[in-house]
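Visitor: I would like to understand how the labels people attach to a model are earned. Could you walk me through some of them?
Guide: Gladly; have a look at the structure, and then ask away.

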Amino acid sequence: MYEKIKILDCLLAIIYQESVSIAIKTHKKALVRQMFSVDLKKMFTQNFYFFTSTKLALPMKKIIWVACMLASLSTSAQKKKSVSTPLENDKQAIISNLDHRFDEYAGISKQIWNFAELGYLEEKSSVLLQEQLKKEGFTVETGIAGIPTAFVATYGTGKPVVGILGEYDALPGLAQEATPELKPIAGQRGGHGCGHNLFGTASVAAAVEVKNWLQKTGKSGTVKIFGCPAEEGGSGKVYMVREGYFNDVDVVLHWHPSSANAADASTSLANINAKFRFKGIAAHAAASPERGRSALDGVEAMNYMVNMMREHIPQDTRIHYVITKGGEAPNVVPAYAEVYYYARHKDRAILQSIWKRIENAAQGAAQGTGTKVEWEVLGGVYNLLPNVTLAKVVHANLSKVGGVVYNETEKQFAEKIADTFGEQKQPVTNAAQIKNWQDASENATSGGSTDVGDVSWVVPTVGLGTATWVPGTSAHSWQSTATSGMSIGQKGMIVAAKTLATTALDLYSDPSIIEQARVEWQNKRGANFSYEALLGNRKPALDYRK
Ligand SMILES: [Zn+2]
């Protein structure tokens with residue numbers, strides 16, 4: 001008998017230890033939760049019977065009871081973990097499907113990266129995305145809002161209508177190889193320094209997953225993907241907004257390549273930009289300078305006045321310019337000169353008053369230098385109207401999807417890039433992190449501007465950023481161009497596609513999200529809001545990059 005009890009003792013000790021380690025290691029949270037749940041009572045009653053009816057010694061009984069309880073907790077926690085809703089299963093299926101299609105989408109994004117077409121000239125990039133959508137069963141309408149490279153592709157019927165934005169224009173002067181060191185591509189005008197090759201591709205990938213899900217479930221709902229050209233200074237979306245292309249859309253989703261994974265309710269800067277063109281009189285710069293009037297003097301006088309103005313405007317204003325034409329030769333008084341200005345502020349009214357002063361400076365400069373000036377507003381975009389309701393849904397999905405995890409080759413590539421940042425260097429493993437919701441603020445402003453701003457004022461809109469670039473990278477740099485053309489960028493792109501698609505599933509499945517988002521949007525927009533484009537009634541500036 002003594003022997004038997006000894007053996008039983010050992011067995012129970014093993015069971016006890018195993019149960020404790022299983023419960024603690026793998027189901028810590030579930031264990032704690034269950035300690036306070038009704039399951040505990042049930043377990044106690046079940047185990048109590050055994051506990052009182054046997055004739056073992058008291059310490060043994062204790063061990064048995066604890067072992068049984070922990071074993072029950074462990075299995076019960078396991079059961080709980082495996083319970084998932086049909087919606088969660090569908091989301092998981094989308095996530096693994098996008099993993100399966102990684103190479104396909106990476107290839108499309110790489111083609112657009114190679115095309116590197118500038119604003120309104122994105123013919124090949126636009127067609128490539130359209131072909132992909134047609135192949136997947138979308139109806140494609142192209143050349144919308146007077147822009148040959150703009151399109152909208154639709155699938156499904158009825159409400160809700162979820163729109164997804166896609167961009168694909170490159171930036172001038174950023175042609176760079178996909179290498180971890182500075183290596184410009186000779187003879188190429190543009191480069192994807194803002195990663196719009198990834199932007200357009202991920203949005204198409206997400207729309208395709210949403211379409212497949214609508215098809216499979218037979219749910220009511222429409223998905224529209226908007227092919228949006230010339231985001232970089234061309235304000236492509238503004239014309240689409242002006243023409244009413246978003247009028248029947250309930251929620252718009254977008255994303256942007258970034259050096260971090262974040263979904264928050266931050267805003268962006270409203271922006272007005274224009275080319276100021278000065279006309280003077282040409283003359284021999286040495287023999288008869290008194291006969292000439294220098295258009296370049298007009299530009300310089302304007303710049304001087306604007307630079308003095310900087311002290312007397314709100315500090316969070318941004319003004320920048322480049323002289324795009326400054327004359328041909330020093331011995332000819334320039335008859336023509338041109339300066340390209342951007343002004344930005346998060347408050348549109350403040351921006352408009354500053355813009356008026358910039359225009360006054362141009363006129364004053366012309367008067368003082370005996371030249372004439374005209375200007376053409378090429379772009380104008382609203383500040384983003386953030387939506388907390390929607391941003392929380394995106395954040396939850398992004399957190400489930402997870403960040404970008406590098407393999408060994410990518411890690412080495414990333415380390416080399418990070419070494420070029422000096423004091424801005426961050427651990428490259430930050431690419432795997434998701435920024436906490438608490439880190440985001442409704443009043444936070446990214447330094448940039450986007451024509452998504454205009455969309456957000458006519459339909460509730462939400463977006464996210466993913467780590468397509470090495471942590472610490474600045475947009476519009478050779479480093480951002482390089483990673484946008486290789487697997488680091490492509491991995492970030494798939495994170496975005498997964499998050500957009502799973503967020504869309506939430507919108508189709510729970511109508512209360514859209515209702516709540518709409519109420520928030522209406523309150524923020526104000527009752528008397530009516531949309532008026534900052535660039536006025538002008539036609540798309542299709543040749544601004546020619
Ligand atoms: Zn961009």
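Visitor: Where is Pro-160 placed?
Guide: Pro-160 sits in the loop between β2 and β3. Please keep in mind that this is a predicted model.

Visitor: What makes the peptide bond between Lys-159 and Pro-160 a cis bond?
Guide: Its omega is about -10°, and the bond joining Lys-159 and Pro-160 is cis. Most peptide bonds are trans.

Visitor: What is notable about phi of Tyr-120?
Guide: Phi of Tyr-120 is near 70°, a positive value in a residue other than glycine. Most residues other than glycine have a negative phi. Tyr-120 belongs to the loop between α5 (102–115) and α6 (123–135).

Visitor: Why is Tyr-120 called buried?
Guide: Buried means under 20% relative accessible area. Tyr-120 has 4%, so it is buried. Ser-235 passes the test too, since its relative accessible area is 2%. Phi of Ser-235 is also positive, near 55°, and this residue is found in the loop between β6 and α8 (236–242).

Visitor: What makes the sheet an open one, and which strands are its edges?
Guide: Its six strands follow the order β1-β2-β6-β3-β7-β12, with mixed pairing. The edges are β1 (139–142) and β12 (461–467), each of which pairs on one side only. Neighbouring strands here are turned by 20° against each other on average, direction ignored.

Visitor: How do you know that β7 and β12 pair?
Guide: Two strands pair if there are at least two bridges between them. Seven bridges join β7 (residues 251–258) to β12, and the two strands run parallel. One of the bridge partnerships is that of Val-252 with Thr-461 in β12.

Visitor: Which helix packs on the sheet?
Guide: Helix α7 (residues 196–217) does, touching β2 (151–157), β3 (161–167), β6 (221–228) and β7. The direction of α7 makes about 155° with that of β3.

Visitor: What makes Lys-216 and Asp-90 a salt bridge?
Guide: The cut-off asks for a side-chain nitrogen of Lys or Arg within 4 Å of a carboxyl oxygen of Asp or Glu. For Lys-216 and Asp-90 the N to O distance is 3.0 Å, and the pair counts as a salt bridge. Lys-216 lies in helix α7 and Asp-90 in helix α4 (residues 86–100), so this pair ties together parts that are 126 residues apart in sequence.

Visitor: Are the two ends of that pair buried or exposed?
Guide: The limits are under 20% for buried and over 50% for exposed. Lys-216 is exposed at 57%, whereas Asp-90 is buried at 16%.

Visitor: Why is the pair of Asp-99 and Lys-498 said to tie together distant parts of the sequence?
Guide: Asp-99 lies in helix α4 and Lys-498 in helix α15 (residues 487–509), so the parts they tie together are 399 residues apart in sequence. Their closest N and O atoms are 2.7 Å apart, and they form a salt bridge. Asp-99, at 43%, is partly exposed, while Lys-498 is buried at 9%.

Visitor: How many salt bridges are there by this rule?
Guide: The count comes to 20. Among them is the one between Glu-359 and Lys-356, at 3.5 Å from N to O. Both of these residues lie in helix α10 (residues 348–369), three residues apart, about one turn of the helix. Elsewhere, Glu-88, Lys-91, Lys-400 and Asp-506 are linked in a network of salt bridges.

Visitor: How do you know that the length of helix α16 agrees with its number of residues?
Guide: At 1.5 Å a residue, the 15 residues of α16 (residues 511–525) should span 21 Å, and the end C-alpha atoms are 21 Å apart, which agrees.

Visitor: Why are the buried residues of α16 said to lie on the same side?
Guide: The buried residues are Ile-513, Ile-514, Ala-517, Glu-520 and Trp-521. They cover an arc of only 130° around the axis, which puts them on the same side of α16. They pack against β7, α11 (388–401), α13 (452–458) and α15. On the other side of α16, Glu-515 and Asn-523 are exposed.

Definitions and conventions
Residues are numbered from 1 along each chain as its sequence is written. This is a predicted model: local features need pLDDT of at least 70, side-chain atom pairs count only at pLDDT 80 or more; totals for chains, interfaces and linings use all residues. Side-chain values use heavy atoms; hydrogens and water are left out. Helices (H or I, at least four residues) and strands (E, at least two) are DSSP runs, numbered from the N terminus. Axes are lines fitted to C-alpha atoms, for helices over the stretch in contact, and angles run from 0 to 180 degrees between N-to-C directions. Contact means heavy atoms within 4.5 Å. Buried means under 20% relative accessible area, exposed over 50%, partly exposed in between (1.4 Å probe, protein chains only). The expected span of a helix is 1.5 Å times one less than its number of residues. The arc is that of the directions from the helix axis to the C-beta atoms.
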